[in-house]
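Biologist: Hi! Could you walk me through this one?
Modeller: Happy to, here it comes.

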Amino acid sequence: MYGFEVPRNHEQAMAIDRCNSNTKFADAENAEIFIIDEFSTFEDLGFGGNPGPYYKRVRVHVVYYAVKHDGRHKARLVAGGHLTETPIDSVYSSVVSLCSIRLLTFVAELNDLEVWATDIGNAYLESYTQEKVYIIAGPNFGD
């Protein structure tokens with residue numbers, strides 16, 4: 001993507017970083033973990049903590065999904081969606097195409113309109129689940 005190799009797993013991401021003598025994928029991972037911690041997405045029960053009998057364990061892993069046009073590397077922590085029920089009302093996240101932005105900007109310019117834009121990052125971190133789930137955090141989460 002934009003001349004960068006996009007890894008399939010953590011080991012491959014770290015190998016690419018070592019090969020390129022940088023920490024771009026490691027930084028992307030750390031940024032994702034920081035945001036998850038910042039939003040208090042998980043309640044830390046400590047090492048060996050017991051979530052209780054009504055909780056279901058789900059696996060999580062990091063997906064390295066993009067290298068942006070400006071060279072930023074992106075990573076997301078995702079849950080094994082096959083282990084939980086699919087929500088009926090919220091399963092689509094739209095992305096605006098570059099063509100749509102150009103068209104909107106053109107129409108706004110023709111009509112002397114102001115264009116405002118925003119980016120909603122990590123919107124799902126504040127979404128509540130119907131199921132009670134837990135994960136066992138790996139070394140990527142730090143202490």
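Modeller: Keep in mind that this is a predicted model. Let's begin with Glu32, which pairs with Arg76 in a salt bridge whose closest N and O atoms are 2.8 Å apart.

Biologist: Where do Glu32 and Arg76 sit in the chain?
Modeller: Glu32 is in helix 2 (residues 24-38) and Arg76 is in strand 3 (residues 73-79). They are 44 residues apart, so this pair links distant parts of the chain.

Biologist: Is Glu32 buried or exposed?
Modeller: Glu32 counts as buried because its relative accessibility is 6%, and the cut-off for buried is under 20%. Its partner Arg76 has 26%, so Arg76 counts as partly exposed.

Biologist: How many salt bridges does the structure hold?
Modeller: Two. Besides the Glu32 pair, the side chains of Asp70 and Arg72 meet in one, at 2.9 Å from N to O.

Biologist: And how accessible are Asp70 and Arg72?
Modeller: Asp70 is partly exposed at 46% relative accessible area, and Arg72 is partly exposed too, at 43%.

Biologist: New topic, backbone angles! What is phi for Ser21?
Modeller: It is near 50°, a positive value in a residue other than glycine. Most residues other than glycine have a negative phi.

Biologist: Where does Ser21 lie?
Modeller: Ser21 is in the loop between helix 1 (10-20) and helix 2, and it is exposed, with a relative accessible area of 68%.

Biologist: What about phi of Asp112?
Modeller: Asp112 has a positive phi of about 55°, although it is not a glycine. Asp112 lies in the loop between helix 3 (98-110) and strand 4 (133-134), and at 74% relative accessibility it counts as exposed.

Methods. Residues numbered from 1 in each chain as written. Predicted model: local features only at pLDDT ≥ 70, side-chain atom pairs only at ≥ 80, totals over all residues. Heavy atoms only, no water. Salt bridge = Lys/Arg side-chain N within 4 Å of Asp/Glu carboxyl O. Helix = DSSP H or I, 4+ residues; strand = E, 2+ residues; numbered from the N terminus. Buried < 20%, exposed > 50% of the residue type's maximum accessible area, 1.4 Å probe, protein only.
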